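Visitor: I would like to see how the labels on this model are earned. Show me the structure, and I will ask about them one by one.

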Amino acid sequence: MLARRYRLRRNKDFQSVYQRGKSYGGKFVVLYRLQHRSPSPSLSKMKLSRRFGFSVSSKVGKATVRNKIKRIFREICRRHKTQLLDGSDIILIARSKIKGIPFRLVEEDVIKLFKRAKLWTGG
């Protein structure tokens, strides 16, 4: 499970990333990234770190399918959070093609996006 301190939870935070961030598209996932310049009030309780948000549209499927995809996203971020640069808010958005795709392929697509967004420091 990805700890709460690593998650984007407020609509204001999501809107900020969508409006001021940069997007990168993959085969199954779209990644939005917003680099922090200095700690914002919402980050004042912790050191400057990376936070993740997940968005899966109802166009992808019913609630059980959407929840499974969000669990996959959380697990990918939990596994690789130490290999990512600090100081960014990251949103992963599922494309409709993601339904039924194995974990390994989704993970490869997300890692490619991390590399394209210059977030990846790992091997």
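Visitor: Why is Arg10 called partly exposed?
Guide: This is a predicted model, and the value is computed from it. Arg10 has 40% relative accessibility. Partly exposed runs between the 20% and 50% cut-offs. So Arg10 counts as partly exposed.

Visitor: What makes Asp13 buried?
Guide: Its relative accessibility is 8%. Buried means under 20%, so Asp13 qualifies.

Visitor: How do you know that Arg10 forms a salt bridge with Asp13?
Guide: Their closest N and O atoms are 3.6 Å apart. The cut-off is 4 Å, so the pair counts as a salt bridge. Arg10 and Asp13 also belong to a salt-bridge network with Arg51 and Asp89.

Visitor: How many salt bridges does the rule give?
Guide: The count is eight.

Visitor: What makes Arg79 and Glu107 a salt bridge?
Guide: The closest N and O atoms are 3.7 Å apart, and the limit is 4 Å. Arg79 sits in helix H2 (residues 63-80), Glu107 in helix H3 (residues 103-116). The pair therefore ties together parts 28 residues apart in sequence.

Visitor: Is each partner buried or partly exposed?
Guide: Arg79 has a relative accessible area of 43%, so Arg79 is partly exposed. Glu107 is at 13%. With buried set at under 20%, Glu107 is buried.

Visitor: Why are Arg104 and Glu108 said to be separated by about one helical turn?
Guide: They are four residues apart in helix H3. Their side chains meet in a salt bridge, 3.3 Å from N to O. Glu108 has 37% relative accessibility and is partly exposed.

Visitor: Which aromatic pair is tilted, and what makes it so?
Guide: Phe14 and Tyr18. The ring centres are 6.4 Å apart, and pairing needs centres within 6.5 Å. The planes meet at 45°. Stacked means under 30 degrees and edge-to-face over 60, so this pair is tilted. Phe14 and Tyr18 are four residues apart in helix H1 (residues 11-20), about one helical turn.

Visitor: Why is Phe14 called buried and Tyr18 partly exposed?
Guide: Phe14 is at 14% relative accessibility, so Phe14 is buried. Tyr18 is at 28% and counts as partly exposed. The line between these labels is 20%.

Visitor: Why is the pair of Phe114 and Trp120 called stacked?
Guide: The ring centres are 6.4 Å apart and the planes lie at 15°. Stacked requires under 30 degrees, so the label holds. Phe114 is buried at 0% relative accessible area. Trp120 is buried too, at 14%.

Visitor: How many aromatic pairs are found in the whole structure?
Guide: Four. Phe14, Tyr18 and Tyr32 form one aromatic cluster.

Visitor: Which residues have the most contacts inside the largest nonpolar core?
Guide: Val29, Leu31, Phe52, Phe73, Leu92, Ile98 and Phe114. This core has 28 residues. Strand S2 (29-35), strand S3 (51-55), H2, strand S4 (88-94) and H3 each supply at least two of them.

Visitor: What does Leu31 contact, leaving aside its neighbours within four places in sequence?
Guide: Its contacts include Tyr24, Ile90, Leu92, Leu113 and Phe114.

Visitor: Which residues are in the other core?
Guide: That core has seven residues and lies apart from the largest one. Among them are Phe14, Val17, Val30 and Leu34.

Technical notes: Residues are numbered from 1 along each chain as its sequence is written. This is a predicted model: local features need pLDDT of at least 70, side-chain atom pairs count only at pLDDT 80 or more; totals for chains, interfaces and linings use all residues. Side-chain values use heavy atoms; hydrogens and water are left out. Buried means under 20% relative accessible area, exposed over 50%, partly exposed in between (1.4 Å probe, protein chains only). Helices (H or I, at least four residues) and strands (E, at least two) are DSSP runs, numbered from the N terminus. A nonpolar core is a set of buried Ala, Val, Leu, Ile, Met, Phe, Trp, Tyr and Cys residues joined through side-chain atoms within 4.5 Å. Contact means heavy atoms within 4.5 Å. Rings of Phe, Tyr and Trp (its six-membered ring) pair if their centres lie within 6.5 Å; planes under 30 degrees apart count as stacked, over 60 as edge-to-face and the rest as tilted.
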